[in-house]
Amino acid sequence: MRRVTLTQYLIEQQRQYGKVSPELRLLIEVIARACKAISHTVSKGPLAGIGDAVGLDNVQGEAQKKLDVIANEVLVEANEWGGQLAAMVSEEMAEPYQIPNRYPKGEFLLLYDPLDGSSNLDVNISVGTIFSVLRCPTNCSDFDYKAFLQPGARQVAAGFAVYGSATILVLTVGNGVVGFTLDREMGSFVLTDERIVIPDDTQEFAINASNARNWHPPVKRYIDECLAGKSGPRDKDFNMRWVASMVADVYRILCRGGVFLYPKDAKHKEGRLRLMYEANPMAFIVEQAGGAATDGRQRILDLQPTALHQRVGVVLGSKNEVERVTRYHAEG
Ligand code: AFP
């Protein structure tokens, strides 16, 4: 069966819906090619020494793995010359990366987590790359980092790759959510899920339960009710999953529903996940798939960023469960 490739999908979105300009199509294709290169290195596992620490911490104060650094370099080198970008922001770089003067600048801003879940690398659990695309709001020649500080609702595209038993690319350009699988023989991403929809209800929640003693009351109420199962107010049993790779947990939720929580708590006072290149792209994708995403109180895509690497509480997934958790926060 002839499958639709990523390029064909993007050209269709460009022709039929005008959702994708030629420049945006080129940008997404370059990002996808970079994800293929990262996937190839991740698949070597210990043979590539990829889990080795490099003895440095990133801007988050987290120990950098060799592959964190490599993945970041792959994305910078792939995207700096093409002429689609004005600048990039990465979890692995404290300051925005400005396109060198020897290359043309473009209208887009790229934000990414080059290797999400990298603490799982040395135990062979799925990791991934998350990306978000914004337009530069002003004349991009006089670039200022504040150009990145736009609410997530202004994203023009978002996606993530998950490097698991298969390498999957999930993408939205604001016209629903699609999934591609890397065909390693052809070397192309081929369309394998042409309309990803999250069920409104679920019986599966994802949270790092070791933080239970730090949870605020609305989260504790919600999780206790899930754990009470049939004998509690929810009148149904729940299952729990926690991969500790957001890309893997979110992909599972896109496939079969669920609710993912990394809320603010007594220890993670601002939350743990980063707004600009984790929460915003995932929130855009989840909403485009019919789900919901809040910080416990507000829609994530409405939040006005104040810093490039700011953290945020995250509750996302099946709409009715997210609404319940958000309601519990409003009830105090
Ligand atoms: P790393 O990239 O440092 O492994 O963090 C992964 C992550 O940002 C996100 O992908 C997970 O959902 C979350 O952190 C896991 O956090 P815990 O390690 O506290 O469970």
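This briefing covers two sheets, the helices packed on or beside them, and a ligand site. The model is predicted, so local features need pLDDT of at least 70 and side-chain atom pairs count only at pLDDT 80 or more, while totals for chains, interfaces and linings use all residues. Residues are numbered from 1 along each chain as its sequence is written, and side-chain values use heavy atoms, with hydrogens and water left out. Helices (H or I, at least four residues) and strands (E, at least two) are DSSP runs, numbered from the N terminus.

**Sheet of 8 strands**

- This open sheet has the strand order 4-3-5-6-7-8-9-10 and mixed pairing; two strands pair if DSSP finds at least two bridges between them.
- Its edge strands, each pairing on one side only, are strand 4 (97-98) and strand 10 (188-193).
- Strand 6 (residues 127-135) and strand 7 (residues 157-163) run antiparallel and are joined by 7 bridges.
- Thr-129 stands opposite Ala-161 in strand 7.

**Helices**

- Helix 1 (residues 6-17) packs on the sheet of 8 strands and touches strand 8 (167-172), strand 9 (178-183) and strand 10; contact means heavy atoms within 4.5 Å.
- The direction of helix 1 makes about 5 degrees with that of strand 8; axes are lines fitted to C-alpha atoms, for helices over the stretch in contact, and angles run from 0 to 180 degrees between N-to-C directions.
- Helix 6 (residues 275-288) lies across strand 3 (85-90), strand 5 (108-116), strand 6, strand 7 and strand 8, at about 85 degrees to strand 6.
- Helix 5 (residues 246-256) packs with helix 6 at an angle of about 10 degrees, the axes being 11 Å apart.
- Helix 5 and helix 6 are therefore roughly parallel to each other, a term for angles under 35 degrees.
- Met-246, Val-247, Val-250 and Leu-254 of helix 5 make the contact with Glu-278, Met-282, Ile-285 and Val-286 of helix 6.

**Sheet of 5 strands**

- The strand order in this open sheet is 12-11-13-17-15, again with mixed pairing.
- Strand 12 (239-240) and strand 15 (292-294) are the edge strands.
- Strand 13 (residues 259-262) pairs with strand 17 (residues 314-317) in the antiparallel sense over 4 bridges, and Val-259 stands opposite Gly-317 in strand 17.

**Ligand site**

- There are 15 residues around the ligand, each with a heavy atom within 4 Å of it.
- Asp-116, Ser-119, Met-246, Tyr-262 and Arg-272 come nearest.
- Polar contacts are pairs of N or O atoms within 3.5 Å.
- An oxygen atom of the ligand lies 2.7 Å from an N or O atom in the side chain of Ser-119, and one lies 2.7 Å from a polar backbone atom of Met-246.
- The protein covers 88% of the 480 Å² of accessible area that the ligand has on its own, by the Shrake-Rupley method with a 1.4 Å probe.

Notes:
A polar contact is a pair of N or O atoms within 3.5 Å; within protein, one must be able to donate a hydrogen and the other to accept it, and residues adjacent in sequence count only if both atoms are side-chain atoms. Angles under 35 degrees count as roughly parallel, over 145 as roughly antiparallel, 65 to 115 as roughly perpendicular and the rest as oblique.
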